[in-house]
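Visitor: I would like to learn how to read a structure of this kind feature by feature. Could you take me through it, giving the general idea before each case?

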Amino acid sequence: MTEPAMQLIGLKKQIGSKLIVKGLDFDIKPGEVFGFLGPNGAGKTTTIRMMVGLIRISEGDVRIKGKSIKTNYKDAIRHVGAIVENPELYGFMSGYKNLLVFSRMIPGITKERIDEVVKLVGLEKRINQKVKRYSLGMRQRLGIAQALLHNPSILILDEPTNGLDPSGIREIRHYIRRLAEQENVAVIVSSHLLSEMELMCDRIGILKNGELISIQQIQTAEEDTPAEVVHINCPSADHEKAQRLLHEQFNITAMGSGEKLAFQVTREQIPAIIKSLAMADVSMYGFTVERKTLEDKFLHVIGENIIE
């Protein structure tokens, strides 16, 4: 069994009498992109700051490649690259000189490694220009290059697409996916852009009031229950027969309105339901399927209408 890249074990943060983060427990695997979602004040940034040792852990632990951030900080943190909020860069220097300055803080980073990360984030043509001339997307990519210099196993990005235009967001998403898939880096992303998280992440943890209340597996999101809303066009005269069949055979409650029936099911149930209705001589003129988006799931889980 592959060792988790990072483990959160009963992680808590208390400030005064208020418990900000309430006992988080989950693992992050090598080569996956794990997203944090939650409304304002849910505890995402506080959790990330504890992960990298920027604030003290009140209770519990974070283990990075099996090493405790509390008792073995130096060995644990060397596996991590992070951008918390915005990358810190010198605007009057070129992108290359920024990386050179940063590389001198960590023993063993070669010129070859600098060239490698520059290529990895696609900045070869602009790396010798001054950073003050960079677009926001280029600055973010340079920040990611800086975080990758020491070849970490885990990359932590707090709001990596904040303030970017659609093309910049797409670029960052591309490099994050590439890092996970080709470099086997575990990437942890905090963002408020739900559609981007759905495209970028393998799993998403939803936080509310400091608690992890749900983990969504994005790759199999269509199989979650309930994941689909099915609308069937059929004569109102057939509604009672169809509703009875759905309830008796599939334990589904269908709502009728005009010439439409609507009900929620998992994706796998749909073929059997349509076949059963047809065999029962329910006249169907057509049907549509609506997949619930990550936004729908998010609002359902947190029980609020406010997204950060």
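Visitor: Let me begin with a single helix: which residues of helix α4 (residues 111–120) are buried?

Guide: Please keep in mind throughout that this is a predicted model. The general idea is that an α-helix has 3.6 residues a turn, so residues three or four places apart point the same way. In this structure, the buried residues of α4 are Arg 113, Ile 114, Val 117, Val 118 and Leu 120. Viewed down the axis of α4, these buried residues fall within an arc of 160 degrees, so they line one face of the helix. On the other side of α4 one finds Glu 112 and Lys 119, which are exposed.

Visitor: Against which elements do the buried residues of α4 pack, and what follows the helix?

Guide: The packing partners of the buried residues of α4 are α3 (95–103), α5 (136–148) and α6 (166–183). After α4 comes Gly 122, a residue with a positive phi, near 70 degrees.

Visitor: How should I read the packing of α3 and α4, that is, at what angle do they pack and how far apart are their axes?

Guide: The angle between α3 and α4 is about 130 degrees, and their axes are 11 Å apart. Angles from 65 to 115 degrees would count as roughly perpendicular and those over 145 as roughly antiparallel, and α3 and α4 are therefore oblique to each other. The crossing in which α3 passes α4 is right-handed. On the α3 side the contact involves Tyr 96, Leu 99, Leu 100 and Ser 103, and these meet Lys 111, Ile 114, Asp 115, Val 117 and Val 118 in α4. Among the α4 residues in this contact, Ile 114, Val 117 and Val 118 also belong to the buried set of that helix.

Visitor: Turning to α5 and α6, at what angle do their axes cross?

Guide: The axes of α5 and α6 cross at roughly 20 degrees and come within 10 Å. That makes α5 roughly parallel to α6, because angles under 35 degrees count as such. Here too the crossing is right-handed, with α5 passing α6. The contact is made by Gly 137, Gln 140, Arg 141, Ile 144 and Leu 148 of α5, together with Glu 171, Ile 172, Tyr 175 and Leu 179 of α6.

Visitor: Gln 140 carries a polar side chain, so let me ask about it in particular: is Gln 140 buried or exposed?

Guide: Gln 140, which is found in helix α5, is buried, with a relative accessible area of 5%. Once its neighbours within four places in sequence are left aside, Gln 140 is in contact with Ile 83, Pro 87, Glu 159, Pro 160, Thr 161, Leu 164 and Ile 172.

Visitor: What should I look for in the backbone angles, and where does Asn 209 lie?

Guide: As a general expectation, most residues other than glycine have a negative phi, and most peptide bonds are trans. Asn 209 has a positive phi, near 50 degrees, although it is a residue other than glycine. Asn 209 lies in the loop between β9 (203–208) and β10 (211–217), and it is partly exposed, with a relative accessible area of 45%. Asp 281, again a residue other than glycine, has a positive phi near 60 degrees. The loop that holds Asp 281 runs between α9 (270–279) and β14 (286–291), and Asp 281 is exposed, with a relative accessible area of 60%.

Visitor: How many disulfides does the count come to?

Guide: A disulfide is a covalent bond between the sulfur atoms of two cysteines. Here the count comes to 0 disulfides. As for accessibility, Cys 201 counts as buried at 4% relative accessibility, and Cys 234 is buried with a relative accessible area of 0%.

Visitor: Finally, how many helices and strands make up the secondary structure of the protein chain?

Guide: The protein chain has 10 helices and 14 strands, and its C-alpha trace spans about 80 × 50 × 40 Å along the principal axes. Of its 308 residues, 47% count as buried. When contacts between residues at least 6 apart in sequence are considered, 67% join residues at least 24 apart. One pair separated in sequence is Leu 54 and Val 84, which are 30 residues apart along the chain and 9.8 Å apart in space, C-alpha to C-alpha.

Notes: Residues numbered from 1 in each chain as written. Heavy atoms only, no water. Buried < 20%, exposed > 50% of the residue type's maximum accessible area, 1.4 Å probe, protein only. Helix = DSSP H or I, 4+ residues; strand = E, 2+ residues; numbered from the N terminus. Arc of directions from axis to C-beta. Contact = heavy atoms within 4.5 Å. Disulfide = S-S within 2.5 Å. Axes fitted to C-alpha atoms, helices over the stretch in contact; angles between N-to-C directions. Left-handed = near helix turned anticlockwise from the far one by under 90°.
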